[in-house]
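User: Hi! Could you walk me through this structure with a few questions and answers?

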Amino acid sequence: MRLFLIPVMILTFPTLKSDGMLTTRHIVLGLISWVLLGILAIDGLFSVAESAQISQFRAEVDRTSLAQNETVNYRLIIEGDVTNVPTPTLPPLNEFQAYSSGRSQNISIVNGRIQASVTFNYILQPKQPGKFTIAPATLTVDGKTYQTQSLTIEVTPGRAPANMPPQGSRPPSSQQPRADYFVELSVDNDTPYVNEMITLSFRFYRARNVMGGLNYTKPKTNGFWSQDLPPQLDYRENVGGKTYLVAELRTALFPTASGTYTIEPATLQIRGTFFQAAQTLRSNAVTVKVKPLPTAGRPANFSGAVGQYRLSTKVSQTETDLNTPITLTVTLSGKGNIEMLSEPSWPELPDFKFYDSNSSSNVKTDNYVVSGSKTYEKVLIPKRTGTFTIEPVTFSYFDPKSERYRTLKSETYEIKVYGAEIDERETNLSRQDIRLLGRDIRHIKPVPAVLQNRGIWYTERLSFWLAIILPLGGLIGVFGYQRHRERLEADSGYARSRQAAKMAHKRLSTAKMHLTTHDSAAFHAEVQHALTHYLADKLNVPAGSITLDRVRSLPSIPEALRPTVVSILEKCDLARFAPVQHVSEMSETLTTTQKLITDLDKTWNG
């Protein structure tokens, strides 16, 4: 519709009589141009409004029938504008034990428009056999509430708990006779490298049944990025001649910086009943000494990845026409902190235009190990014809098992580009190509007897200049805004940067609500969330990669503001696990963060 209106506006733009007068016809045509300009602007604005909607919200499971000792993957999928989409609200899951297994995002650009989806993954473990209905999950965005469909799952009886602990479970620290109930905390590796996965195990031993309910408080894991590892393990173990039924919960921990850290004790409260007194069980603390990554042999393109990874690439085609895009797909897969993986190193491509098209991640916790894949897609558009070589994509990581750095390289691709390049030479007409017409002598018009005053010359009229300047200025404004909107849709980095400050202040408003309720933990979590996501959006990197160590070394953060950034992140990290602070201290933290984001925005935006 917009393309149709442009020539219509040009045709209806005011034309002047040869005598220079501005007539009623000119004014009418000017008003028509204004009306068409308004329609064009409204059409563009409605397009913007339509692009910010959730197109679909649905629920999926990987199977609808399972045994009681098995698990089912439950996914909530949101399609549409998923920028800063909130976490959906789960329905009541009384018949299941639910664990979050992360989220994945898929973004693609088709015909200049972003098509995106985000998936929230959960693992459900049935508590008992039967046929159960999972009610709809809900999602609220900009005051509008969306619902998924309901799902039905049938659970059949499973096998009894095993008599031996599964592989990887550590035995209790003491084999002496113990009380009827006790808890323990341990890690499978207490001297890991930075960003190396370790497994934290919490075990509840019970020699007899628990009559009351249980309240479990997780241990504080300051200094670690954590990921739950469901499902719960249940087995029997003999301790000091007494048989216990053991329930074990596992958590993957990734240390974010080197140093010595203490994982504080976990607690388990057994609520009292008429037949049993209440108890509070407190585990031991665990000390972890995190080793820094070695500097010897560190590749220049190393970005902090630790684990075991594989690199695979492919191109959509090796022969193409001029200005016809091809897609280069790169997939990193393996074991490690998938969410925090940075992009690989891309080769120089002077013969192509280079655009981000699609990025997605898939995180799994199979066999109690964090693994998965992260995929990047780049759109390459040839600038000229010929045969060109795409050099290898490279990715470096540290393997903690061999204690060595490794660099992965993709294969080399040869691309053939066909088509004729446009000849831009100017074509000028020669004098011989021009035919002179109308050589006859023109009739001379007689001078009228009386000269009439035709009024003020049209260029001296204010209405003439307004009729020209105002529609033209409005048209330029509409097209400028359209170009800005198209860039927001096509360039995810530009869109993130433009929205960064707005989203950060929105999150700080949520933190202010927690301040009024004196909820220190929620307040500091929201402040930390606002600042780290702001930095990630401005620098166009994953939010999970904004760690204290990286903030201290990132050259793009202004040196004058770096100490304030570090101070706020350290304060939030500590305050989340400390006793409730005074309102005045929390208010000062909020004010400092608001000013910091404003100062950073002024510095980066010039």
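**Cores and a sheet**

Analyst: Happy to! In this predicted model, the largest nonpolar core has 37 residues, and those touching the most other members are Tyr309, Leu328, Leu341, Leu380, Phe395 and Ile415.

User: Which domains give at least three residues each to this core?

Analyst: The core is not drawn from one domain alone. At least three of its residues come from each of domain 3 (179-290) and domain 4 (311-363 + 371-436).

User: Which residues does Leu328 touch, not counting those up to four places away in sequence?

Analyst: Leu328 is among the core members that touch the most others. Leaving out residues up to four places away in sequence, its contacts are Lys314, Val315, Trp346, Tyr376, Glu377, Lys378, Leu380, Val393 and Tyr413.

User: Which strands stand at the edges of the open sheet?

Analyst: Four antiparallel strands form this open sheet, in the order E10-E11-E14-E13. A strand with a single partner has one side left without a neighbour in the sheet, so the edges are strand E10 (181-187) and strand E13 (224-239).

User: What is the bridge partner of Ser186 in E11?

Analyst: E10 pairs with strand E11 (residues 198-206) in the antiparallel sense, over seven bridges. In E11, the partner of Ser186 is Ser201.

User: Which residue in the turn between E13 and E14 has a positive phi?

Analyst: E13 and strand E14 (residues 242-255) run antiparallel and are joined by 13 bridges; Asp228, for one, stands opposite Thr251 in E14. The two strands form a hairpin with two residues between them. The turn residue with a positive phi, about 60 degrees, is Gly240.

Technical notes
Residues numbered from 1 in each chain as written. Predicted model: local features only at pLDDT ≥ 70, side-chain atom pairs only at ≥ 80, totals over all residues. Heavy atoms only, no water. Pairing = 2+ DSSP bridges. Core = buried A, V, L, I, M, F, W, Y, C linked by side-chain atoms within 4.5 Å. Buried < 20%, exposed > 50% of the residue type's maximum accessible area, 1.4 Å probe, protein only. Domains from an automatic or database assignment. Contact = heavy atoms within 4.5 Å.
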